[in-house]
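User: Could you take a close look at one part of this structure for me, the metal site? I'd like to see how it fits in with the rest of the chain.

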Amino acid sequence: MNSKYQFYGTFMFLLALILTSCQSTGVNKTGSEYMPDMAHSVAYEANTYGYYYHNRWGTEDDLHKMVQPRKPIGGTIARGMAGMAHEGRGIAYTANGSVPYYYGNSEEERTRATAEVINNPFPISKGSLEKGKALYNIQCAICHGEKADGAGYLVRDDGGKYPVQPAILTSDDFIASSNGRYYHAIMYGKNLMGGYSDKLSYEERWYVIQYIRSLQAASKKLEYSEKANNFNTTDTPYSVIAAKLASSPKGDVAVVATDSIVVDHTHDAKSHH
Ligand code: HEC
């Protein structure tokens with residue numbers, strides 16, 4: 001064979017090898033790209049790191065910082081985090097039961113919650129008391145007793161296997177305590193009692209507290225129901241809200257503000273009848 005052709009042949013082979021090796025893809029290498037912008041976003045995406053040297057977001061470090069999750073704007077609440085549905089306000093969603101609780105797990109924070117969390121955000125209704133009763137009997141009564149007298153079967157039967165006396169919720173001390181003391185106990189528990197924040201949703205916690213209040217009222221022969229409440233001033237019977245709704249002009253959305261939570265009770269009006 002002609003040595004001239006042999007030389008060209010070798011040369012072309014090497015050239016092809018060099019050119020293709022630059023373009024070949026690897027685990028962390030895209031190879032050479034035809035119209036690179038089609039593969040690389042010119043927008044930067046939240047929570048996704050996709051640095052590309054042709055984009056102009058600054059350095060790799062800059063992009064790293066820009067795409068980190070950020071804090072929400074002050075005073076805003078994420079959808080679903082309001083504890084209850086706000087139908088009739090333009091945005092309808094299903095509450096996910098997860099509402100921020102701004103108190104830590106300590107005795108100082110228990111005291112602070114007891115002083116600051118006062119009103120029950122849900123009206124006392126037949127439905128809420130029924131749900132509260134079912135949940136209380138499942139989650140709490142085994143220790144605190146079906147009458148909230150501190151004599152649950154774990155404590156009472158079998159010579160009292162449970163090692164400590166659960167709080168006697170019908171005692172005067174607990175009757176006088178604010179709703180915050182109960183809510184905090186449900187969130188974090190206390191000493192030998194564990195927390196129930198993962199077992200009861202926001203709404204359910206308040207229903208359980210209502211049911212405990214109804215047991216306390218019964219022990220004092222007072223009324224705590226959807227019709228009337230002469231037991232405390234922090235929880236509102238449903239009838240009071242229904243009366244307000246009835247007297248407001250047709251088509252109006254009645255809004256009752258309790259603590260920092262704004263509650264639209266038109267939803268309850270529908271579901272509890
Ligand atoms: C396994 C038993 C047990 C269960 C179940 C239980 N508790 Fe308790 N609870 C206790 C004990 C024990 C204490 C007393 C803790 C202490 O003071 O050391 C207590 C204390 C409390 C207190 C008083 C906290 C304070 O501020 O002193 C409240 C309120 C309370 N429980 C509510 C509940 C509710 C509501 C439920 C159901 C969601 C519940 N508990 C389920 C055992 C239990």
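**The iron site and its surroundings**

Analyst: Let's start at the iron atom of the ligand, keeping in mind that this is a predicted model. The site of that iron is octahedral, with angles of 85 to 178° among its six donor atoms. The protein donors are NE2 of His-144 and SD of Met-193, and they lie 2.0 to 2.1 Å from the iron.

Now find those two residues in the chain. His-144 belongs to helix H5 (residues 141-144), while Met-193 is in the loop between H8 and H9, so the pair ties together parts that are 49 residues apart in sequence. How buried or exposed is each one? His-144 has a relative accessibility of 12%; because buried means under 20%, His-144 counts as buried. Met-193 comes out at 27%, which makes this residue partly exposed.

Next, look at the helices on either side of that loop. Tyr-183 sits in helix H8 (residues 179-188) and Tyr-202 in helix H9 (residues 202-219). Their rings form an edge-to-face aromatic pair, 6.4 Å centre to centre with 65° between the planes. That pair links distant parts of the chain, with the two positions 19 residues apart in sequence. Both rings belong to buried residues: Tyr-183 has a relative accessible area of 4%, and Tyr-202 is at 3%.

You can follow the sequence a bit further to another edge-to-face pair, Tyr-224 and Phe-231, with 6.0 Å between centres and 85° between planes. Tyr-224 is buried at 6%, and Phe-231 is buried too, at 14%.

Back to Tyr-183 and Tyr-202: they are part of one aromatic cluster, which also takes in Tyr-101, Tyr-103, Phe-122, Tyr-188, Trp-206 and Tyr-207. Across the model, the count of aromatic pairs comes to 13. There's also a charge to spot: the charged end of Lys-199 sits over the ring of Tyr-196, 5.6 Å from the ring centre.

Finally, zoom out to the whole chain. The protein chain has 11 helices and two strands, and the order along the sequence is α-α-α-α-α-α-α-α-α-α-β-β-α. Of its 273 residues, 34% are buried. If you take contacts between residues at least 6 apart in sequence, 48% of them join residues at least 24 apart. As for the surface, the chain exposes about 17,400 Å², and carbon and sulfur atoms supply 58% of that.

Methods: Residues are numbered from 1 along each chain as its sequence is written. This is a predicted model: local features need pLDDT of at least 70, side-chain atom pairs count only at pLDDT 80 or more; totals for chains, interfaces and linings use all residues. Side-chain values use heavy atoms; hydrogens and water are left out. Helices (H or I, at least four residues) and strands (E, at least two) are DSSP runs, numbered from the N terminus. Buried means under 20% relative accessible area, exposed over 50%, partly exposed in between (1.4 Å probe, protein chains only). Contact means heavy atoms within 4.5 Å. Accessible areas come from the Shrake-Rupley method with a 1.4 Å probe; for residues, only the protein chains shown count as cover. Rings of Phe, Tyr and Trp (its six-membered ring) pair if their centres lie within 6.5 Å; planes under 30 degrees apart count as stacked, over 60 as edge-to-face and the rest as tilted. A charge sits over a ring if NZ of Lys or CZ of Arg is within 6 Å of the ring centre and within 35 degrees of the ring normal. Donors are N, O and S atoms within 2.8 Å of the metal (3.2 Å for Na, K and Ca); water is not among the atoms, so sites may look incomplete. Four donors count as tetrahedral if all angles lie between 85 and 135 degrees; four count as square planar and six as octahedral if opposite donors are over 155 degrees apart and all others between 65 and 115; anything else is irregular.
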